[in-house]
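These are my notes from a first look at an unfamiliar structure. I went through it one topic at a time and wrote down what I found.

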Amino acid sequence: MTVPSVNWNYPTAIKVGPGRVSELPDWCRELGMARPLLVTDPGLATLSMIGDALLACRTAGLDCGTFHEIKGNPTGRNVDDGVAAYRQGRHDGVIAFGGGSALDAAKAIALMAGQTRPLWDFEDIGDNHLRVNVAGMAPVVAVPTTAGTGSEVGRASVITDESAQVKRIIFHARMLPSIVILDPELTVGLPPRITAATGMDALSHNLEAYCSPFFHPMAAGIAVEGMRLVKEYLPQAVAEGSDVQARQQMLVASCMGATAFQRGLGAMHALAHPLGALYDAHHGMLNAILMPYVLKANQQAVAPRLETLARYLGLPQAGSGAVLDWVLALREAVGIPHTLAEIGIDEAQAERVGRMACEDPSAGTNPVNYTADEYSSLFRAAIRGNL
C-alpha cells in the first residue's frame, strides 16, 4: 500500500508523509527563520537524523544551532538553559525535534525567548496566559519522532518544577507550533518498548478525551477515530517497526489524541503527572499501566459511551466491559507491565500522590470527582494489580 503524502491545516499546518523532513529548511524560511535553534534530547542528538537535519538547514543557508540538555521529564532548569542558549546564539526561531519531552521543552523555550517574567508565572491557572508578551514568542516548526504525546499540536508544555516536585502546565494559545512535519521514516528505529509506551499514551489521550463530560462533539469524534487507528496499527508498529504505513497511522493517532484532549483528560493523567514528578518515570508508560485501573473505576459513569465505542471499534462484545477487555489484551500484546510495582514504584507516597492527583488540572474533567483518598486507593490498586 502506498503511504500518502498530504498537507493538512487542522489544528495547524501539518505536512504528512515519508521523507517530508527534507522540507524542514523550506518551512523554517516560511516562518522567517534565518538562525533557528534545533531543540532535541540527548539520545537523539548523536543520531544521524539530527545530523542530517542540521546539514540540510545549513546547506540551505540557515545558521542552525542545537540545544539538547533536556531530561526525560523536562524541568524548569532545562527551559532556562535553553532560553540562555537561544539568546546567546541570537536565534530567531525554534525547531522542536524529538519525542514529547523535547517538544514540550522546545515550545516552552520558544515561549520564554522574549519574556521578562519567570516561567512559572505562565502556569495554566486563571488568566496567567494574559501575562505573555506575545511579540516575544519565537515561531516553532515541530518534528515529532515518537507517536504518543501529540505535543506537536498542543498549546501547552508540561514542565517539572523540581523544587516543588510537581509537574506544571505552561499554556498559551500561541504555543501551538505553526508548522508540523509528520515523517514516519523518523520513527521506524524506535524500539518496541518505547513504541508501545508512546502508542498507549496516544490511546490514553483519545480515551480520556472521549470519556470527558465536557461538551465538545468535534473532539469526541476525533478521539473515536484516533482509538480505531491505535487498535489497527499499534500492534503492527510494535511487531514490525519498519512498517511505514503503521508508523504513519500512529503519528496521526497521536496528533488526533492531542487535538481531542481540548475536551479534557482525566484520572490517568491526574495520577501520571505526580508520579512522573516524584519518580521521574516515563509518562507514556505510566498512562499505559494506569489505564485499566482508571477505566474500571470510571466504567459505571461512562458505560453508554463505552458501549458506543465498543461498537465503533468492532469489538467482539458490545457491553462497556468490552473496552476494558480490549485494553487489557492490547497491553499484553505490546508488552506493557500490568502493575506500577513492575517499574519500581511502591506505596510509600500513596497519600501524597492522592493529594497531588486530586489537585491536578486533569482531575477536573474526569467523569467521576474522586477524593484524594480515592486517588490514593486507585494508585495502590495499580501497584498491587487489583482490578
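Before starting I fixed one term: a residue is buried when its relative accessible area is under 20%, exposed when that area is over 50%, and partly exposed in between. I also noted that the model is a predicted one.

**Entry 1: the sheet**

I began with the sheet and wrote down its strand order. Seven strands form an open sheet, in the order 1-2-9-6-5-3-4, and the pairing is mixed. I looked for the edges and found strand 1 and strand 4 (65-67), each of which pairs on one side only. I then looked up the twist: on average, neighbouring strands of this sheet are turned by 20° against each other, direction ignored.

**Entry 2: strand 2 and its partners**

Which way do the side chains of strand 2 point, and are they buried or exposed? I found A13 and K15 pointing one way from strand 2 (residues 13-16), with I14 and V16 pointing the other way. All four are buried.

I reminded myself that strands of a sheet pair through backbone hydrogen bonds, either parallel or antiparallel. Strand 2 pairs with strand 1 (residues 6-9) in the antiparallel sense, over four bridges. A hairpin of three residues takes the chain from strand 1 to strand 2. I picked out one bridge here, in which N9 has A13 of strand 2 as its partner.

Strand 2 is also joined to strand 9 (residues 179-182), by four bridges, and these two run parallel. In this pair I noted K15, whose bridge partner in strand 9 is I181.

**Entry 3: onward from strand 9**

I followed strand 9 to strand 6 (residues 140-144), where the pairing is parallel and counts two bridges. V141 has I179 of strand 9 as its bridge partner. Next I checked what lies on the sheet: helix 5 (residues 100-112) packs on it and touches strand 3 (36-39), strand 4, strand 5 (93-98) and strand 6. The direction of helix 5 makes about 170° with that of strand 5.

**Entry 4: helix 11 and helix 12**

For a helix pair I needed two values, since two packed helices are described by the angle between their axes and the distance between the axes. I looked up helix 11 (residues 303-313) and helix 12 (residues 321-334): their axes come within 7 Å and cross at roughly 55°. The two helices are therefore oblique to each other. The contact is made by L306, L309, A310 and L313 on helix 11, and by A322, V323 and W326 on helix 12. I sorted these residues by type and got seven nonpolar, no polar and no charged.

**Entry 5: H269**

I turned to H269, which is found in helix 9 (residues 267-279). Is H269 buried or exposed? Its relative accessible area is 2%, so I entered H269 as buried. I also found a polar contact of 3.1 Å between the side chains of H269 and H205. Leaving aside neighbours within four places in sequence, H269 is in contact with several residues, among them D201, E208, H283 and D360.

**Entry 6: M356**

My last residue was M356, in helix 13 (residues 350-359). M356 has a relative accessible area of 14%, which is under the 20% cut-off, so M356 is buried. Not counting residues up to four places away in sequence, M356 touches Q165, V166, P274 and L278. P274 had already come up in my search, as a contact of H269. I closed with a distance: M356 and K167 are 189 residues apart in sequence, and 9.8 Å apart in space, C-alpha to C-alpha.

How values were computed. Residues numbered from 1 in each chain as written. Predicted model: local features only at pLDDT ≥ 70, side-chain atom pairs only at ≥ 80, totals over all residues. Heavy atoms only, no water. Buried < 20%, exposed > 50% of the residue type's maximum accessible area, 1.4 Å probe, protein only. Pairing = 2+ DSSP bridges. Axes fitted to C-alpha atoms, helices over the stretch in contact; angles between N-to-C directions. Parallel < 35°, antiparallel > 145°, perpendicular 65-115°, else oblique. Contact = heavy atoms within 4.5 Å. Nonpolar A, V, L, I, M, F, W, Y, C, P; charged D, E, K, R; others polar. Polar contact = N/O pair within 3.5 Å; in protein donor to acceptor, adjacent residues only side chain to side chain.
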